Amino acid sequence: MTKESRRAALKKLSLSTLGLPLASASLTDLGEITNTLRQQPIGNAGFDKPVTAITLGAGSRGNVYGGYAEKYPNDLDIVGVAEPNAIRNERYTQKHKIENSNRFKTWEDVFKKPKFADAVIITTPDNLHYGPCMKALQMGYDVLLEKPIAPTEKECRDILAMVQKTGRIVAVCHVLRYAPYFIKLREMIRSGAVGELISIQHFEPIQHVHMSHSFVRGNWHNSKETTPIILAKSCHDLDILRWLIDKPSKNISAIGDLKWFRKENAPAGSTERCTDGCAVEANCPYSALKIYHQHREYTYVFDFPEDKSKHGDFILEQLQKTNYGRCVYRMDNDQPDHYVTSIQFENNITASFSMEAFTSYHGRRTRVMGSMGDIVGDMEKFVFTDFATRKSTTWDVKVDDVKNYEASGHGGGDWALASDWVKAVKAQDPKLLSSTIEASIESHLMGFAAEESRLNKRVVDIRI
Ligand SMILES: NC(=O)c1ccc[n+]([C@@H]2O[C@H](COP(=O)([O-])OP(=O)(O)OC[C@H]3O[C@@H](n4cnc5c(N)ncnc54)[C@H](O)[C@@H]3O)[C@@H](O)[C@H]2O)c1
């Protein structure tokens, strides 16, 4: 990029100076460098009739996309559900007014009936993505597919081949690609603001209680029953690195293990469950009594009775019979709690990625290093420093012209993805999506290679 074109690109970017937010330039003024940044608020796509969909798995994520349908009923109508948990099945059915004949216990049953909707939303557990996705494509459904695509490389490649064969629309829920923060960060890099991209350092602080909830006690505590944490948690991050760098990855090396949440670290006096009279419960950061009962954190996993006055007792019951009440040092967990990777991309661009359980905070932190400038960001705002002028400028998601994003999780990405997906299905145009299978699969190949590297202690080539 020439000096003049770099200057012109910088002028076009809507940044605030020295951390003080200026009134944002209109997003449409950003010209060719904004072609990835959404210019419309999400939802209310203006269809003559909504896209119809069947949800497979009415758990937490099924309700995130169900929430989009509730908020934007002219965009998306949920007309069927498969869910073995009777309470969830009933509640989802009521919420979306689903006909009895379109309610099923398991995903297999949905496909015994002739096609009765435009699309399926696959929000089943990780090891139940492949079966329904392949079947849905064969029957002509479009698909919203939760990440990870599938637990093995072969299954991911099979799904890719089936998408190419059938030509159906499939969006992988790499929701960070739809978050305005990451869209803007990518735009900055592509504008040439930092000169030539040299390297990125990306960090995913899981937060220690979140780690204990999901990857020690919760659904993803066993990598063999679900997927290794580099896919289950961090395929978003490998995907974002690939997307920001915009070049194929070549090789990866990874180290890390499960260091802390192990039986040998169980404190003296601790018990199988926090409710068993554990001697150290009062001072334990992972006390289930404190997390779930006292602070009412992460309680979305419990299917509460309607009567709110019974919720306290209900939580205590759950802590006595589910994994959520078990001691974090006495679980059958195997997911690493620290994981460090180095990745080489084409054009000698390097990236390092760390996933860390032991932090007091959530989110993502990213540092971009270029020949003419750098960017330091925390998923809410980023600071760009121009080496030539020595000036620092800030972009802040809260002050930029982005509407409706706070309405959903993952920095607004959840519903922005749903919004783009319904538009892509309606128009039968995969170009309206940034997370097609083709675009998303590389992060999974990077994840499989990272696990191979970590377990075999060697650098592994990424075979695209
Ligand atoms: N995109 C993201 O950022 C993100 C975030 C969290 C989870 N996820 C992924 O979304 C998927 C769902 O996760 P979740 O947190 O909603 O889990 P969840 O356990 O809350 O929901 C999964 C649901 O699937 C149901 N189910 C199990 N077997 C089934 C079957 N045979 N047929 C139909 N339904 C069945 C379960 O009863 C459960 O209600 C997982 O693959 C997960 O990794 C993605």
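The following paragraphs describe the fold, the nonpolar core, the ligand surroundings and some backbone features of a predicted model.

The protein chain contains 14 helices and 16 strands. Of its 464 residues, 45% count as buried. Among contacts with a separation of 6 or more, 71% join residues 24 or more positions apart.

In soluble globular proteins, nonpolar side chains tend to be buried together. The largest nonpolar core in this model comprises 115 residues, and the members that touch the most others are V120, V143, L144, L145 and A171. Helix α13, which spans residues 413–427, is the greatest contributor to this core, with 8 residues. At least three residues of the core come from domain 1 (51–175), and at least three from domain 2 (263–325). The surroundings of A171 were examined without its neighbours within four places in sequence. On that basis A171 is in contact with L144 and L145, with L417, W421 and A424, and with L433, S435 and T436.

The ligand is surrounded by 26 residues, of which G57, G59, S60, R61 and E146 are the closest. By residue class, this shell consists of 10 nonpolar, 10 polar and 6 charged residues. Helix α2, residues 60–71, gives the most to the shell, with 3 residues.

Helix α2 was also considered for its geometry and packing. The helix has 12 residues, and the distance from its first C-alpha to its last is 17 Å, close to the 16 Å expected at 1.5 Å a residue. Its buried residues are R61, G62, V64, Y65, G66, Y68 and A69. R61 thus appears both among the residues closest to the ligand and among the buried residues of α2. The buried residues of α2 pack against four strands, β2 (51–56), β3 (76–82), β5 (119–122) and β6 (142–145), and against the helices α3 (86–96) and α13. Helix α13 is therefore a packing partner of α2 as well as the main contributor to the largest nonpolar core, whose members are by definition buried.

Backbone geometry was considered next. Most residues other than glycine have a negative phi, and most peptide bonds are trans. The peptide bond from K147 to P148 is cis, with omega near -10°. P148 is placed in the loop between β6 and α6 (153–166). Two residues other than glycine, Y298 and R390, have a positive phi. The value for Y298 is near 55°, and this residue lies in the loop between α11 (288–294) and α12 (311–321). Y298 counts as partly exposed because 18 C-beta neighbours lie inside 10 Å, where 20 or more would make a residue buried and 12 or fewer would make it exposed. For R390, phi is near 60°. R390 belongs to the loop between β14 (381–386) and β15 (391–396), and is exposed because 7 other C-beta atoms lie within 10 Å.

The loop between α13 and α14 (437–456) holds K431. With 8 C-beta neighbours inside 10 Å, K431 is classed as exposed. K431 and D420 are 11 residues apart along the chain, and their C-alpha atoms are separated by 9.9 Å.

Definitions and conventions
Residues numbered from 1 in each chain as written. Predicted model: local features only at pLDDT ≥ 70, side-chain atom pairs only at ≥ 80, totals over all residues. Core = buried A, V, L, I, M, F, W, Y, C linked by C-beta atoms within 7 Å. Helix = DSSP H or I, 4+ residues; strand = E, 2+ residues; numbered from the N terminus. Domains from an automatic or database assignment. Contact = placed C-beta atoms within 7 Å. Near = placed C-beta within 6 Å. Nonpolar A, V, L, I, M, F, W, Y, C, P; charged D, E, K, R; others polar. Expected span 1.5 Å × (residues − 1).
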